[in-house]
Amino acid sequence: QILDLDIPPGAAVKETDLATAFAVARPTAKAAIERLVAQGLLRRDVHKSARVPKMSGADVDDLYLTRTMLESQIVRRLAHAQALPSRAAAHIAELEVVPPGSAPAMYVGPDIAFHAALSQHLGSRRVSQIHAGLLQETRLCMAQVQAHQLLGPNVIVAEHQEIIAAIQLGDEHAAAQAMQAHLDRARHALVTYLEQQTSTHSAK
């Protein structure tokens, strides 16, 4: 519901409401909320209800800057070794067959899995842990990109394929450039949208 924006950014997620909606005990609902907080899909201030993060353009810029610095180096190293996880192509194939008009979460899953597969294939436990944390927040960004149709899935597929091709060729520079261009496009699309929304609300 969070990724499909049925629970929109800024909305509160309360234990009692969750327990009622899913017919579970309140402690179960509380545990579920805490898990989502740990994953970055909810945020909770002291003595306040958990809320879906409402990311600003600056938040998105910072997140994608961090991802670009990390992921460009990941693909450089993979290209140097011409090491490509077999799962990467499979996740692209999953993205290609998502029916048009599907809920955002249907697109987010394979997209996230593609980037996670590259990170995990590097073989560094610490890099994988850091990257996994970034991807949790990224889910919220990707969901908005798809919900507002800011970037077509066909573009994402083509950019993923370009990254894979550079790794297979062992072209470190091309792999890093392809990854940076891919992340820059998504960042620019979402930041532009958020800034437009802010301007619209300010004018009202």
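Start by selecting Q82, which sits in the loop between α3 and α4. Keep in mind that you're looking at a predicted model. Colour Q82 by accessibility and you'll find a partly exposed residue, with a relative accessible area of 49%. Now check its backbone: phi of Q82 is positive, about 50°, although the residue is not a glycine. For context, most residues other than glycine have a negative phi.

Which residues does Q82 touch once you leave out those up to four places away in sequence? Show I167, Q168, L169 and G170, and you have them. Draw a distance from the C-alpha of Q82 to the C-alpha of I167: the two are 85 residues apart along the chain, yet the separation is 5.6 Å.

**Next stop: helix α4**

Select residues 86-96, which make up α4. Its buried residues are A88, H91, I92 and L95. Look down the axis and you'll see why they belong together: they cover an arc of only 100° around it, so they sit on the same side of α4. Now bring up what they pack against, namely α5 (104-121) and α7 (153-169).

**Into α7: H160**

Stay with α7 and pick H160, which is found in that helix. Is H160 buried or exposed? It's buried, because its relative accessible area is 1%, and buried means under 20%. Light up its contacts, leaving aside neighbours within four places in sequence: I92, L95, D111, F114, H115 and H182. You've already met two of these names, since I92 and L95 are among the buried residues of α4.

**Across to α3 and α5**

H115 is a handy stepping stone, because you can also find it in the contact between α3 and α5; this time hide H160 and show both helices. α3 covers residues 57-81, and its axis comes within 9 Å of the axis of α5, crossing at roughly 60°. That angle makes α3 oblique to α5. The crossing is left-handed.

To see the contact itself, display side chains on both helices. From α3, show R67, E71, I74, V75 and L78; from α5, show H115, L118, S119 and H121. Colour this contact by class and you'll get 4 nonpolar, 3 polar and 2 charged residues.

**Over to α6: Q144**

Now select Q144, in helix α6 (residues 125-147). Q144 is buried, with a relative accessible area of 8%. What does Q144 touch, not counting residues up to four places away in sequence? Show L5, P9, L150, L190 and L194.

**Follow the contact to L5**

L5 from that list is worth a click. You'll find it in the segment before β1. Unlike the buried Q144, L5 is partly exposed, with a relative accessible area of 22%. Check the backbone here too: phi of L5 is positive, near 65°, in a residue other than glycine.

**Last stop: α1 and α2**

Move along to helix α1, residues 15-22, and colour its buried residues: E15, L18 and A19. Turn the view so that you look down the axis of α1. These buried residues fall within an arc of 100°, so they line one face of the helix. Flip to the other side of α1 and pick T20 and A21, which are exposed. Then go back to the buried face and show what covers it, including β1 (12-13) and α2 (26-38).

How do α1 and α2 meet? Their axes come within 8 Å and cross at roughly 110°. The two helices are therefore roughly perpendicular to each other. This crossing is right-handed, whereas that of α3 and α5 is left-handed.

For the side chains involved, select E15, T16, L18 and A19 on α1, then R26, A29, K30, A32 and I33 on α2. By class, the contact of α1 with α2 has 5 nonpolar, 1 polar and 3 charged residues.

Before you close the viewer, click on A23, which follows α1. Its phi is positive, near 55°. That puts a positive phi on your screen once more, after Q82 and L5.

Notes: Residues numbered from 1 in each chain as written. Predicted model: local features only at pLDDT ≥ 70, side-chain atom pairs only at ≥ 80, totals over all residues. Heavy atoms only, no water. Buried < 20%, exposed > 50% of the residue type's maximum accessible area, 1.4 Å probe, protein only. Helix = DSSP H or I, 4+ residues; strand = E, 2+ residues; numbered from the N terminus. Arc of directions from axis to C-beta. Contact = heavy atoms within 4.5 Å. Axes fitted to C-alpha atoms, helices over the stretch in contact; angles between N-to-C directions. Parallel < 35°, antiparallel > 145°, perpendicular 65-115°, else oblique. Left-handed = near helix turned anticlockwise from the far one by under 90°. Nonpolar A, V, L, I, M, F, W, Y, C, P; charged D, E, K, R; others polar.
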